[in-house]
Amino acid sequence: MARPGRSGAYEDPAAALSAAAELLAVLHARGQDGVEPAVSPSQLRALLAVEGAEGINLRTLSDVLGSRPPSVTRLCDRLEAMGLLIRSPRPSSRREVELRLTPRGRALLDERRAIRMRELSAVLGRMAPEAVDALIAGLTAFRAAAAADGPPAGTDTSAAPASPGPRATSAPARVPDSA
């Protein structure tokens, strides 16, 4: 939806954000080839999900990743063989398996974050300070809007049912593809 008073590439804020997200994905991937061991995007998403919810079980990880349990089991097999993940019986229920990162898995995520920060810092360093401030303000507002419970600002809610309130779930949020 075009906004009045905007022109050019920024006429549609969603298109501008989509283009920025694509560029962020490129920047995120840049320089990752040298990180050992090499992991696929789906393996990285699984590691990030486990990091965010240490002790997560396979079924919950399947839900978070939006994948079928047999696929997630094979994914975890590969991560465990690489020394990045450990599976162990949950102390309270020996039939249930919990997932945890190994020190090597944590180190891999830390190294990938350091590379990403260098890439992003280089781009931000080429921007004017007031543009960086505006970007931070916009991203802060975007995160708040994305996390808000309810319809987007400016949406006609007169015919919409009342918001059900916070979700009652213990499962962690879905991990984005570009995490």
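Me: H2 passes H3 in a crossing of which hand?
Reply: In this predicted model, H2 crosses H3 in a right-handed way.

Me: What makes H2 and H3 oblique to each other?
Reply: Helix H2 covers residues 41–52 and helix H3 covers residues 58–65, and the two pack at an angle of about 120°. Angles from 65 to 115 degrees count as roughly perpendicular and those over 145 as roughly antiparallel. An angle of about 120° falls in neither class, so H2 and H3 are called oblique. Their axes are 10 Å apart.

Me: Which residues of H2 meet which residues of H3?
Reply: On the H2 side they are Arg45, Ala46, Ala49 and Val50, and on the H3 side Leu61, Val64 and Leu65. By class, the contact of H2 with H3 has six nonpolar residues, one charged and no polar. Arg45 is part of this contact, and Arg counts as charged.

Me: Why is H3 called roughly perpendicular to H4, at an angle of about 105°?
Reply: Roughly perpendicular means 65 to 115 degrees. The angle of about 105° lies in that range, so H3 is roughly perpendicular to H4. The axes of H3 and H4 are 9 Å apart.

Me: What makes up the contact of H3 with H4?
Reply: H3 brings Leu58, Arg59, Leu61, Ser62 and Leu65, and H4 brings Pro69, Val72, Thr73, Leu75 and Cys76. These divide into seven nonpolar, two polar and one charged.

Me: Which residues have the most contacts inside the largest nonpolar core?
Reply: They are Leu61 and Leu99, in a core of 26 residues. The elements that give two or more residues to this core are H2, H3, helix H4 (69–81), strand S2 (93–101) and helix H5 (103–125). H2 gives the most, with six residues.

Me: What does leucine 61 touch, leaving aside its neighbours within four places in sequence?
Reply: Leucine 61 is in contact with Ala46, Ala49, Val50, Ile56, Val72, Cys76 and Leu99.

Me: How do you know whether glutamate 98 is buried or exposed?
Reply: Buried means under 20% relative accessible area. Glutamate 98 has 8% relative accessibility, so it counts as buried. The place of glutamate 98 is in strand S2. Setting aside neighbours within four places in sequence, glutamate 98 is in contact with Gly55, Ile56, Ile86, Arg87, Ser88, Pro89, Arg90 and Pro91. Its C-alpha atom is separated by 9.5 Å from that of valine 50, though the two are 48 residues apart along the chain.

Me: What makes H1 and H5 oblique to each other?
Reply: The axes of helix H1 (residues 13–29) and H5 cross at roughly 130° and come within 8 Å. Roughly antiparallel needs over 145 degrees, and roughly perpendicular ends at 115. Roughly 130° fits neither, and H1 and H5 are therefore oblique. Their crossing is right-handed. The contact is made by Leu24, Leu27 and His28 of H1 and Arg116, Glu119, Leu120 and Val123 of H5. Its residues are four nonpolar, one polar and two charged.

Me: What secondary structure does the chain have?
Reply: The chain has six helices and two strands, in the order α-α-α-α-β-β-α-α along the sequence.

Me: How much of the chain counts as buried?
Reply: The share is 25% of its 179 residues. Of the contacts with a separation of 6 or more, 55% are between residues 24 or more positions apart.

Methods
Residues are numbered from 1 along each chain as its sequence is written. This is a predicted model: local features need pLDDT of at least 70, side-chain atom pairs count only at pLDDT 80 or more; totals for chains, interfaces and linings use all residues. Side-chain values use heavy atoms; hydrogens and water are left out. Axes are lines fitted to C-alpha atoms, for helices over the stretch in contact, and angles run from 0 to 180 degrees between N-to-C directions. Helices (H or I, at least four residues) and strands (E, at least two) are DSSP runs, numbered from the N terminus. Angles under 35 degrees count as roughly parallel, over 145 as roughly antiparallel, 65 to 115 as roughly perpendicular and the rest as oblique. A crossing is left-handed if the near helix is turned anticlockwise from the far one by less than a right angle, and right-handed if clockwise. Contact means heavy atoms within 4.5 Å. A nonpolar core is a set of buried Ala, Val, Leu, Ile, Met, Phe, Trp, Tyr and Cys residues joined through side-chain atoms within 4.5 Å. Buried means under 20% relative accessible area, exposed over 50%, partly exposed in between (1.4 Å probe, protein chains only).
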